[in-house]
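Let's take a walk through the binding sites and empty space of this one. Keep the viewer open and follow along.

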Amino acid sequence: MKKILVIGAAGQIGTDLTIELRKRFGNQNVIASDLKQPSAEILSSGTFIELNVLDKASMEQAIKQHQITEIYHLAAILSGNAEKAPKRSWDINMEGLFNVLDLAKELNLSKVFWPSSIAVFGPSTPQTNTPQKTVMEPNTVYGISKLAGERWCEYYFQKFGVDVRSLRYPGLISYSADAGGGTTDYAVEIFHEALKNDTYECFLKADTKLPMMYMEDAINATIDLMEADVQKVKERSSYNLAGISFDPQMISDEIKKHLPLFTITYKPDFRQAIADSWPASIDDTVAQKDWGWSAQYDMSEMCKIMLTEIGKKTK
Ligand code: NAD
Ligand code: AKB
């Protein structure tokens, strides 16, 4: 029987992914874990344990106690925060992954999910429709850790048979939890500020186009990949995944259709250089072909949902 451990369940993705996994596989079969308290919905719908991904012994104990068969390992330090504490972020991102991969190998777990990111690409990568296989020279701590992580995932699959699966998520947009310190966070913050104050000061320039995706698409892609037949999962580093590509001006124009008084101003900070090093759009035809992936949400649908759902919370 499937028994899942989500590590990083209190974060932006974990908040939505844990609930969806519980819906699909049963509340009692999905154990949430994090360093910090998760949402009230996660706390009330199933088991939560406080777990540090750097503490391998405690993780081993939790896996044995709850008879875990699969891990979704989401704990990491994202691009913006990682630049502020490079060595500590490298340690958390890499040591955490090693602990999970080693436990999967030693305890013979059936599957592991670990997310990579568009941050694996760098300034020398082709920026438009970035292909699955291309030049990868990331120049951020976060991107370097994700690229190294991809190589280790493939290594553990090939050398030790660990069935680890991965997606290169674009910037994810959701309303259930705040974004966790990345470069694409503006595309979440803008909705909160638009509804609260009718204005938003953006930390990226108006024409900084980046690959983005509405959270429900990302959750579906994640579970689809994890549930795909093993022979369909041919890419053992990480799959490119594409949703919507836009820049701050485009999303601001879309918000204005709903909130005509909304205004945006621009004050680029250190995250501009990170964004400039990333692709503007992604080619995910390999994921489409291998396991039947396709995104459902466009920018206008995503904006409508974000404004409605955040609007309900801010009333
Ligand atoms: P987040 O920062 O919102 O959540 C990460 C969670 O991990 C937090 O709740 C944090 O408390 C927890 N955590 C941190 N250190 C920990 C530790 N030592 N032990 C246990 N838990 C710890 O991040 P997110 O946006 O949910 O991202 C999840 C994963 O997806 C990360 O690997 C991230 O790199 C990747 N990703 C996210 C995006 C995105 O746009 N959100 C895009 C690409 C990739
Ligand atoms: C970040 O901006 O760091 C993340 C990501 C794209 O990996 N959202």
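In this predicted model, a polar side-chain atom of Tyr-142 lies 2.7 Å from an oxygen atom of ligand 2. Thr-183 reaches an oxygen atom of ligand 2 too, at 2.6 Å, this time through a polar backbone atom. Thr-184 goes for a nitrogen atom of ligand 2 instead, with a polar side-chain atom 2.8 Å away. As for burial, the protein covers 93% of the 260 Å² of accessible area that ligand 2 has on its own.

Who else is around? Besides Tyr-142, Thr-183 and Thr-184, the residues around ligand 2 are Leu-78, Ser-79, Ser-117, Ile-118, Gly-182 and Trp-278. Sorted by class, that shell comes out as four nonpolar and five polar residues, with no charged ones. Which domains supply the shell around ligand 2? Domain 1 (4-169 + 215-240) and domain 2 (172-212 + 243-284 + 297-314) each put in at least three residues.

Now for ligand 1. There are 25 residues around it, and those that come nearest are Gln-12, Ile-13, Asp-34, Asn-52 and Tyr-142. Tyr-142 is thus a name to remember, as it is also listed among the residues around ligand 2. On the polar side, ligand 1 has contacts with backbone atoms of Gly-11, Val-53 and Leu-74. The protein covers 93% of the 830 Å² of accessible area that ligand 1 has on its own.

Here are the polar contacts of both ligands in one place:

| Residue | Protein atom | Ligand atom | Distance |
|---|---|---|---|
| Tyr-142 | polar side-chain atom | oxygen of ligand 2 | 2.7 Å |
| Thr-183 | polar backbone atom | oxygen of ligand 2 | 2.6 Å |
| Thr-184 | polar side-chain atom | nitrogen of ligand 2 | 2.8 Å |
| Gly-11 | polar backbone atom | oxygen of ligand 1 | 3.2 Å |
| Val-53 | backbone N or O atom | nitrogen of ligand 1 | 2.9 Å |
| Leu-74 | backbone N or O atom | oxygen of ligand 1 | 3.4 Å |

Where do the ligands sit with respect to the pockets? The space taken by ligand 1 is the largest pocket, and ligand 2 sits in the largest pocket as well.

That leaves the enclosed space. Rolling a probe the size of a water molecule over the atoms shows where empty space is left. How many cavities of 30 Å³ or more does the structure hold? The count is one, and the largest cavity has a volume of about 30 Å³. Its lining is made up of His-73, Ala-75, Ala-76, Asn-93, Trp-114 and Lys-146. By class, the lining of the largest cavity splits into three nonpolar residues, two polar and one charged.

Notes: Residues numbered from 1 in each chain as written. Chains lettered and ligands numbered in written order. Predicted model: local features only at pLDDT ≥ 70, side-chain atom pairs only at ≥ 80, totals over all residues. Heavy atoms only, no water. Near = heavy atom within 4 Å. Polar contact = N/O pair within 3.5 Å; in protein donor to acceptor, adjacent residues only side chain to side chain. Areas by Shrake-Rupley, 256 points an atom, 1.4 Å probe, with all protein chains shown as cover. 1 Å grid on protein atoms, 1.4 Å probe; cavity = no way out; pocket = protein on both sides within 12 Å on 5 of 7 lines; lining within 4 Å. Sits in = over half its atoms within 2 Å of the grid points. Nonpolar A, V, L, I, M, F, W, Y, C, P; charged D, E, K, R; others polar. Domains from an automatic or database assignment. Points joined across faces, edges and corners; volume = space filled by probe spheres on them.
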